[in-house]
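Hi,

Here is the structure I said I would pass on. Have a look at it first, and my notes on what turned up follow underneath.

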Amino acid sequence: MTWSPRLTRVMDGSHRQGLTLGLPSVDAYLEFVRARARTNTWLATAYDLLVFFSVIPKEPAHVTTADVFAFLQKQESAELTARILGRCPAVPV
């Protein structure tokens, strides 16, 4: 995978204008969620996508149903928790 997700806040002074993960299609989806959901839902969606794409090393267009189910099965494992904590540091939002 050539894309490495990174959660970035887009700020205007002290006001949060947006969140990006660095891939136009994913960033457009985050804008879609932002326009239709509450702030906490938008923030949670961004973080969930960061975790998912940090664990599943594929471009979004190549993700399959099997990838999603494999991710869900791994969520309870200690290995995944260690990978998430090591690759996805907390991002103040």
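**How the helices pack**

H1 and H2 run roughly antiparallel to each other, a label used for angles over 145 degrees (under 35 is roughly parallel, 65 to 115 roughly perpendicular, and the rest oblique). The axes of H1 (residues 24–36) and H2 (residues 39–55) cross at roughly 155 degrees and come within 9 Å. Those axes are lines fitted to C-alpha atoms, for helices over the stretch in contact, with angles running from 0 to 180 degrees between N-to-C directions. H1 passes H2 in a right-handed crossing, meaning that the near helix is turned clockwise from the far one by less than a right angle (anticlockwise would be left-handed).

Before you read on, a word on the ground rules: this is a predicted model, where local features need pLDDT of at least 70 and side-chain atom pairs count only at pLDDT 80 or more, while totals for chains, interfaces and linings use all residues. Residues are numbered from 1 along each chain as its sequence is written, and side-chain values use heavy atoms, with hydrogens and water left out.

**The overall layout**

The chain has four helices and two strands, in the order β-β-α-α-α-α along the sequence. Helices (H or I, at least four residues) and strands (E, at least two) are DSSP runs, numbered from the N terminus. Of the 93 residues, 30% are buried; that means under 20% relative accessible area, with exposed being over 50% and partly exposed in between (1.4 Å probe, protein chains only).

Two buried positions to click on:

- Leucine 7 sits in the segment before strand S1 (8–12) and is buried at 11% relative accessibility. Its C-alpha is 7.6 Å from that of glycine 22, although 15 residues separate the two in sequence.
- Valine 33 is in helix H1 and is buried, at 9% relative accessible area. From its C-alpha to that of leucine 43, 10 residues away along the chain, is 9.4 Å.

**Charge pairs**

How many salt bridges does the structure hold? There are two, counting a side-chain nitrogen of Lys or Arg within 4 Å of a carboxyl oxygen of Asp or Glu.

One joins arginine 34 to glutamate 31, with the closest N and O atoms 3.6 Å apart. These residues are three apart in helix H1, so about one helical turn separates them. Arginine 34 is partly exposed at 29% relative accessibility, and glutamate 31 is partly exposed at 36%.

Another links the side chains of aspartate 67 and lysine 58, at 2.8 Å from N to O. Here aspartate 67 is buried, with 13% relative accessibility, whereas lysine 58 is partly exposed at 28%.

**A greasy spot on the outside**

Val68, Phe69 and Leu72 make up a nonpolar surface patch with about 270 Å² of accessible area together. Patches take residues with over 30% relative accessible area and no salt bridge, joining like charges within 9 Å and nonpolar side chains (Val, Leu, Ile, Met, Phe, Trp, Tyr) within 5 Å. The areas come from the Shrake-Rupley method with a 1.4 Å probe, and for residues only the protein chains shown count as cover. Valine 68 belongs to helix H3 (residues 65–74) and is partly exposed, at 35% relative accessibility.

Cheers
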